[in-house]
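Grab a viewer and work through these exercises at your own pace. Each one sets a task and then walks through a solution.

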Amino acid sequence: MGGAGAANVRRLVIVGAGPRAIMLLERIVARSGEAVGTSDARAVGAPRLHVELIDPHPPGAGRIWRRAQSPLLKLNSMARDVTVFTDDSCTIDGPIRPGPSLIEWAELWRSGELAATGRGIEIDDEVAAAEARGLRGDSFPTRRLHSYYLEWFYRRTVAEAPSGVTVRWRADTVARVSPENRVTLASGLELDADGIVYALGHTGREPDAATAALIDAARSERLQYVPPAFTADADLSQLGAGDDVIVRGMGLAAVDLVVLLTQGRGGRFVDDDDGVLRYVASGREPRLHLGSRRGVPYRSKVSSAIQGDAPQREVLTAAAIAELVARPGLIDFEADVWPLIAGELLHGHYRELFTGHPDRVVGDWPTFRTVLQSHAWDDPALLEAIAATVPDPLDRFDVASLDRPLAAAAFADRDDAHERVRAHIVTDLHLRTTPERSAAQGVFLAALLSYLALADVPAERWNERSRAVSLPVRWHTFFSYVASGPPAHRLEEFLALADAGVLRFLGPDIDVRVDPGRGFVASSPRVPGETVARSLVDAWLPGSGAAHSDNPVLRALARRQGSAARVLTDADGRVVTAEGVPTASVFALGPFTSLPESGAFTRPGSNALSIRQTDRTAGAIVAAVLDAAVPLVRVT
């Protein structure tokens with residue numbers, strides 16, 4: 001390829017071609033129409049835009065959502081709650097270009113309307129096609145089916161690009177990016193670019209010290225250890241039938257792990273005549289011993305509907321955020337913001353309880369709202385007021401118990417810990433899936449509104465502890481635990497596996513050590529006894545620290561910038577140099593950046609942070625790449 005400005009063509013290279021990259025591409029296409037003109041009315045001298053997406057995995061799904069993975073693995077969102085399109089709820093500067101949600105797309109596909117447009121897609125996997133034919137709005141789709149939706153979106157975006165915009169995907173890997181924006185691919189090809197975008201999504205990472213020590217110890221003791229990884233990519237073949245396996249982590253990665261080691265090895269679930277789910281083992285499963293800091297799985301997805309007053313922010317309001325931003329000094333998440341979020345969660349629960357189920361409380365919502373507003377979220381007196389007003393203990397809610405449900409529990413032995421965790425799962429399913437317990441939906445929506453509200457705090461206003469730990473670790477993990485857990489049926493499967501003896505719960509505060517001659521030993525200071533196994537799986541995703549990513553170009557970018565954790569960007573997504581100066585030609589979007597993590601695809605009608613950020617970054621990219629007058633500042 002010739003020089004970056006040859007023949008008045010501006011060239012943009014996007015590193016990555018997964019959901020985040022293609023949603024950015026759609027926004028770039030939407031925003032670039034006037035700048036490049038059209039075949040009918042091209043501005044005199046208007047530049048053309050050529051976009052290269054570089055990814056070894058097919059565009060759309062990328063690595064995480066690729067088609068080449070087990071058909072058992074699913075999204076943890078319902079089909080009606082997944083979209084990649086802008087809609088009328090989006091407060092963005094770019095054009096609104098609506099399109100179907102995942103369930104609407106499936107309905108168009110099976111009716112033939114998608115094919116009739118001339119821009120349909122063939123679902124050539126019969127298992128995925130059968131799923132599409134039976135998909136409902138409240139179904140949790142497989143990643144395989146989702147990959148078709150994402151591929152179709154990519155194809156549609158390219159097909160609808162104005163004639164002044166061309167797009168090419170290269171099945172390759174970026175090996176190096178020079179300070180002059182020369183991109184070298186693993187194949188040896190070199191591309192000159194007027195702009196670079198790092199849109200890699202989630203990457204792996206080099207082992208941290210603790211993980212490296214476990215790898216070495218396992219090798220020395222001839223143990224089987226599976227370090228943190230994307231579950232679909234992990235080598236599970238070393239975990240044999242009947243082997244005892246300690247599993248640390250009880251989030252979504254652990255759920256996928258359990259699926260692959262049970263159903264993935266030929267086991268199946270059946271409904272007994274009494275309606276109880278039962279697991280029929282294949283005999284190829286290992287015995288899984290699950291534990292974590294909390295000791296319980298992520299909370300089930302909520303399936304109830306709001307029956308009372310509409311959710312709204314009452315504590316973490318726009319005025320409250322404006323007050324925080326306006327005051328001198330940096331903002332600390334733990335001291336300044338967490339109490340507001342906790343108060344918002346309390347309001348979300350009790351608003352729905354009092355207005356949706358007034359027969360189950362004493363008094364009315366305006367009165368109890370005053371009680372909430374006159375107490376700190378963790379005031380013991382608030383718990384007393386709740387007990388006096390809410391007769392049913394299952395209707396009572398406090399944030400500390402939501403976060404650490406077993407914090408005050410004492411366990412007689414390992415069997416007691418197992419049964420207590422099992423009972424917790426049963427209660428959690430009841431609270432989050434039955435219509436009469438819709439207050440759980442109030443909590444979920446309060447958490448979601450709080451998540452969106454934090455985007456209004458400029459990144460530079462957070463202190464270092466908040467940027468490095470509180471936001472990406474404490475808050476993101478808590479939000480995922482409360483609002484982004486597995487479908488309810490996955491936890492029902494956990495119960496069936498526990499009843500079948502395939503799965504055991506170890507309880508909270510689990511620690512694992514290597515005992516020479518014995519193997520991995522899992523124990524808890526609160527649970528008498530130990531669990532010994534020759535195999536250990538750390539079932540969580542690799543950390544997102546950019547400087548330790550297993551992607552060499554992301555690692556090089558972070559280290560040139562002097563950033564140990566996340567790539568620093570401005571609000572438009574421009575990468576900031578080591579001297580603190582935003583570049584004009586290098587951009588980054590994703591969990592490895594200092595921007596608020598917002599995912600890629602999102603819920604329809606939610607004015608999603610991901611779409612707002614993507615549109616803003618796309619606008620900055622189009623202005624930088626297509627405006628020849630913009631002086632380029634290189635990352636050196």
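## Exercise 1: a strand pair

Strands S12 (residues 287–291) and S13 run parallel, with four bridges joining them. Your task: find which residue of S13 is the bridge partner of histidine 289, and work out why S13 counts as largely enclosed.

Solution.
- Step 1. Start at histidine 289 and cross over to S13: the bridge partner there is arginine 504.
- Step 2. Now go along S13, which covers residues 503–507, and check burial: four of its five residues are buried.
- Step 3. With that many buried, S13 is largely enclosed by the rest of the structure, so that settles the second part.

## Exercise 2: how far to trust the model

Keep in mind that this is a predicted model. Your task: find what the mean pLDDT of the protein chain is and where pLDDT stays under 50.

Solution.
- Step 1. Take the whole chain: the mean pLDDT is 92, and 95% of the residues reach 70 or more.
- Step 2. Look at residues 1–5, where pLDDT stays under 50; the model still gives this stretch 16 contacts beyond four places in sequence.
- Step 3. Then look at residues 628–636, also with pLDDT below 50, which have 27 contacts in the model beyond near neighbours in sequence.

## Exercise 3: domain 1 meets domain 3

Your task: describe how domain 1 and domain 3 touch, including how many residues of each are in contact.

Solution.
- Step 1. Get the bounds from the domain assignment: domain 1 is 12–34 + 47–204 + 544–627, domain 2 is 209–298 + 489–538, and domain 3 is 318–484.
- Step 2. Take the centres over C-alpha atoms: those of domain 1 and domain 3 are 32 Å apart.
- Step 3. Count the contacts: 10 residues of domain 1 meet 10 residues of domain 3.
- Step 4. Add the area: about 820 Å² is buried between these two domains, and carbon and sulfur atoms give 59% of it.

## Exercise 4: helix H17 from end to end

Your task: say which residues of helix H17 (residues 552–561) are buried, what covers them, and what sits at either end.

Solution.
- Step 1. Begin at the start of H17: a side-chain oxygen of asparagine 551 comes to within 3.2 Å of the backbone nitrogen of valine 553.
- Step 2. List the buried residues: Val553, Leu554, Arg555, Leu557, Ala558 and Gln561.
- Step 3. See what lies over them: the cover includes strands S1 (9–15), S4 (174–177), S7 (195–198) and S18 (574–576).
- Step 4. Finish just after H17 with glycine 562, whose phi is positive, near 80 degrees.

## Exercise 5: serine 438 and valine 325

Your task: decide whether serine 438 is buried or exposed, then do the accessibility check for valine 325.

Solution.
- Step 1. Locate serine 438: the loop between helix H13 (414–433) and helix H14 (439–453).
- Step 2. The relative accessible area of serine 438 is 0%, and buried means under 20%, so serine 438 is buried.
- Step 3. Check its surroundings: leaving aside neighbours within four places in sequence, serine 438 contacts Ser304, Ala305, Ile306, Gln307, Glu352 and His357. With histidine 357 there is a side-chain to side-chain polar contact at 2.8 Å.
- Step 4. Move to valine 325, in helix H8 (residues 318–326). Its relative accessibility is 25%, so valine 325 counts as partly exposed.
- Step 5. Apply the same sequence filter to valine 325: its contacts are Ile331, Val457, Pro458 and Arg461.

Note on methods
Residues numbered from 1 in each chain as written. Heavy atoms only, no water. Buried < 20%, exposed > 50% of the residue type's maximum accessible area, 1.4 Å probe, protein only. Helix = DSSP H or I, 4+ residues; strand = E, 2+ residues; numbered from the N terminus. Pairing = 2+ DSSP bridges. pLDDT = per-residue confidence, 0-100. Contact = heavy atoms within 4.5 Å. Domains from an automatic or database assignment. Buried area = accessible area lost by both parts, 1.4 Å probe. Polar contact = N/O pair within 3.5 Å; in protein donor to acceptor, adjacent residues only side chain to side chain.
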